[in-house]
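Hi,

Here is the structure I promised to pass on. Have a look at it first, and then read on for what turned up in it.

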Amino acid sequence: MRFFIRSLLGVLLTVAAVSAQELRVVTTQPDLAFLAEAIGGDDVRVYSLTKGTEDLHLQRTRPSMLVRLSRADVLLELGLDAEHAWLPALLQRARNRKIRPGGPGFLNCSALVKVRRKPTARTRASGPDLHPRGNPHFNLDPENVRLMARLIRDHFSKLNPDRAARYRKACARLEEEIDAHMKVWTKKLAPFKGAAFMEHHDAWTYFAHRFGLRIVARLEPAPGLAPTPSHLARVIKIGRREHVGIVAARPANADVAEKVARAIGAKTAILPLSSTTKGRYKGYFHYMDQVVDTFAAGLKKPENR
């Protein structure tokens, strides 16, 4: 009898250990890592393949990425071809079938997003960085982050059903935080509804739509093409006519953004396109605080239109 009880306890402890086993989660960018940690808690060990400071479309791969992917239980990608130039090849080399598209550990986090700026056709003039599935920078709208959080909650619940209730509670707490931050961000940007800004790359469309702002020009003549003098001259005319207050760009494109901003009497918003793994933009809420404050400090209140 004692042997039976000891054996039964051993089985129960083994089952408990398996159910509590950490999920090794790899994400393609830091916003997804932030969400995975917030929802998975102690059940996950999370690693972001990128730091948030790079161009996600043109990420340089490293041997350490292969090691992480080969050992991962879960892969969270942003989707909409944001990582198309480097991730598929890495997944082939990692030889981990469970995190490839269609595998039990793979999750495309764009699945619930209402896609914007999906091109109807592609020509030579479209530019090398045109995204046929639509603009992939949906993480710049906090309401899309809510949708991503729900996808991650459900994905973790399928992989670890004994913890599903915990993931639901964590996601609910996260959504309450989103609600609280959205009230603050919306209030700060409300006076600038209808205000005009320009961007270097086609990135801020989801942010602009969420907060009622207008993107009136882009410094790139087409996605991925360097600005030409003639195009910049047209952009400067538009900026003056539309009373543009902000020229937004990634740090890598700060020089040309500052040149245009000086010409039209605007400020620059030199920002990464996601949170980062360290530094002043670490954590999605802190990152968005910085984004909103930067825009609120530079936008010009729209004149009667």
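Before the first finding, one definition: a polar contact is a pair of N or O atoms within 3.5 Å, and within protein one of them must be able to donate a hydrogen and the other to accept it. Please keep in mind that this is a predicted model.

With that cut-off in hand, start at T50, in the loop between β2 and α3 (63-71). The side chain of T50 comes to 2.6 Å from the backbone oxygen of T28, so the pair falls within the 3.5 Å limit. T50 is buried, its relative accessible area being 3%. Apart from neighbours within four places in sequence, T50 is in contact with T28, Q29, P30, L56, Q59, W86 and T277.

Two of those names lead on to helix α2. Q29 sits at the start of α2, where one of its side-chain oxygens reaches to within 2.8 Å of the backbone nitrogen of D31. P30 is among the buried residues of α2, along with D31, L32, A33, L35, A36, I39 and G40. That makes 8 of the 11 residues in this helix (residues 30-40), which is therefore mostly covered. What do the buried residues of α2 pack against? Their partners are the strands β1 (23-27), β2 (44-48) and β3 (74-77), together with the helices α5 (142-159), α6 (164-189) and α10 (284-298). After α2 comes G41, with a positive phi near 55 degrees.

One of those partners, α5, contains L159. L159 is partly exposed, at 31% relative accessible area. Leaving out neighbours within four places in sequence, its contacts are L23, V74 and P104. L159 and P104 are 55 residues apart along the chain, yet 7.9 Å separates their C-alpha atoms.

Next, the largest pocket, which holds about 410 Å³ of space. It is lined by 26 residues, and D55, L56, H57, R250 and L273 are the closest to its centre. You will recognise L56 from the contacts of T50. Where does the largest pocket lie? Domain 1 (23-183) and domain 2 (185-298) both contribute to the lining, so the pocket lies between them. By class, the lining has 10 nonpolar, 11 polar and 5 charged residues.

Two residues are worth a look for their backbone angles. L80 is not a glycine, but has a positive phi of about 55 degrees. It lies in the loop between β3 and α4 (87-94) and counts as buried, at 8% relative accessibility. H243, also not a glycine, has a positive phi of about 55 degrees. H243 is in the loop between α8 and β7, and counts as partly exposed at 39% relative accessibility.

That loop, between α8 (229-241) and β7 (246-249), also holds E242. Is E242 buried or exposed? With a relative accessible area of 18%, E242 is buried, because the cut-off for buried is under 20%. Its side chain makes a polar contact with the side chain of R214, at 3.3 Å.

Finally, the overall picture. The protein has 10 helices and 8 strands, and buried residues make up 50% of its 305 residues. Among contacts between residues at least 6 apart in sequence, 64% join residues at least 24 apart.

Best wishes

Note on methods. Residues numbered from 1 in each chain as written. Predicted model: local features only at pLDDT ≥ 70, side-chain atom pairs only at ≥ 80, totals over all residues. Heavy atoms only, no water. 1 Å grid on protein atoms, 1.4 Å probe; cavity = no way out; pocket = protein on both sides within 12 Å on 5 of 7 lines; lining within 4 Å. Points joined across faces, edges and corners; volume = space filled by probe spheres on them. Nonpolar A, V, L, I, M, F, W, Y, C, P; charged D, E, K, R; others polar. Domains from an automatic or database assignment. Buried < 20%, exposed > 50% of the residue type's maximum accessible area, 1.4 Å probe, protein only. Helix = DSSP H or I, 4+ residues; strand = E, 2+ residues; numbered from the N terminus. Contact = heavy atoms within 4.5 Å.
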